[in-house]
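User: Could you take me through this model and explain what the labels rest on? I'd like each value set against its cut-off.

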Amino acid sequence: MFLELRQYRTKLGQRDNWVKFMEEKIIPFQISQGMVVLGSFVGLEEDDLFVWIRRFESEEERQQLYQAVYESDYWKNEINPHVPNMIDRERSVITRLQATPKSVLQ
């Protein structure tokens, strides 16, 4: 099992729109495809920071879920066209993490 910590930087004035889009479109869709989303967050001191965490049981599961989500017609036609308007993909940081034995995020 591992976690994926995804840190995005929103474009100027777009963070509220991005949060709404994530909470109403992206996260529900990904969950419907089997993704486990542990949480999403905004920075208190950085007005362009959005962070979310997903959990995967294995690399094989991650690959299957990525395919189900990112290769779907819904993603390609309904979600992906809106993403570049709200986030700066070049500044995204994706980090894979393994929880320590006593972490509450398992």
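User: Why is R91 called partly exposed?

Analyst: Its relative accessible area is 41%. Buried means under 20%, exposed means over 50%, and partly exposed is what lies in between, using a 1.4 Å probe and protein chains only. R91 at 41% falls in the middle band, so partly exposed is the right label.

Before we go on, this is a predicted model, so local features need pLDDT of at least 70 and side-chain atom pairs count only at pLDDT 80 or more, while totals for chains, interfaces and linings use all residues. Residues are numbered from 1 along each chain as its sequence is written, and side-chain values use heavy atoms, with hydrogens and water left out.

User: What makes R91 and D48 a salt bridge?

Analyst: The closest N and O atoms of the two are 3.5 Å apart. The rule asks for a side-chain nitrogen of Lys or Arg within 4 Å of a carboxyl oxygen of Asp or Glu, so this pair passes. R91 sits in the loop between α4 and β4 (93–97) and D48 in the loop between β2 and β3, so the bridge ties together parts 43 residues apart in sequence. Helices and strands here are DSSP runs numbered from the N terminus: H or I with at least four residues for a helix, E with at least two for a strand.

User: Which other residue's side chain does D48 meet in a salt bridge?

Analyst: R9, at 2.8 Å from N to O. R9 belongs to strand β1, so this pair joins parts 39 residues apart in sequence. D48 has 16% relative accessibility and R9 has 17%, so each counts as buried. R9, E46, D48 and R91 are in fact linked in a network of salt bridges.

User: How many salt bridges turn up in the whole structure?

Analyst: The search finds 8. Another one of them joins R96 and E59, with the closest N and O atoms 2.8 Å apart. R96 is in strand β4 and E59 in helix α2, so that bridge ties parts 37 residues apart in sequence. R96, at 45%, is partly exposed, and E59, at 24%, is partly exposed too.

User: What makes Y8 and W18 an edge-to-face pair?

Analyst: Their ring centres are 5.9 Å apart and their planes sit at 70 degrees. Rings of Phe, Tyr and Trp (its six-membered ring) pair if their centres lie within 6.5 Å; planes under 30 degrees apart are stacked, over 60 edge-to-face, and the rest tilted. Both values pass, so edge-to-face it is. Y8 is buried at 7%, and W18 is buried at 1%.

User: Which label do F29 and Y74 get?

Analyst: Tilted: the rings are 4.7 Å centre to centre, with 45 degrees between the planes. F29 is in helix α1 and Y74 in helix α3, 45 residues apart. F29 is buried at 11%, whereas Y74, at 33%, is partly exposed. The full count is 10 aromatic pairs, and ring pairs link F2, F56, Y66, Y70 and W75 into a cluster.

User: How do you know what span is expected for α1?

Analyst: The expected span is 1.5 Å times one less than the number of residues. Helix α1 (residues 15–32) has 18 residues, which gives 26 Å, and from its first C-alpha to its last it reaches 24 Å, close to that figure. There is also a kink of about 45 degrees centred on M22; the bend at a residue is the angle between axes fitted to the seven residues ending there and the seven starting there.

User: What do the buried residues of α1 pack against?

Analyst: They pack against several elements, including β1 (2–9), β2 (36–42) and β3 (49–56), where contact means heavy atoms within 4.5 Å. Among the buried residues are W18, M22 and F29.

User: Why are β2 and β3 called paired strands?

Analyst: Two strands pair if DSSP finds at least two bridges between them. β2 and β3 have 6, in the antiparallel sense, so they qualify. One partnership is G39 with I53 in β3, and a hairpin joins β2 to β3 through 6 residues.
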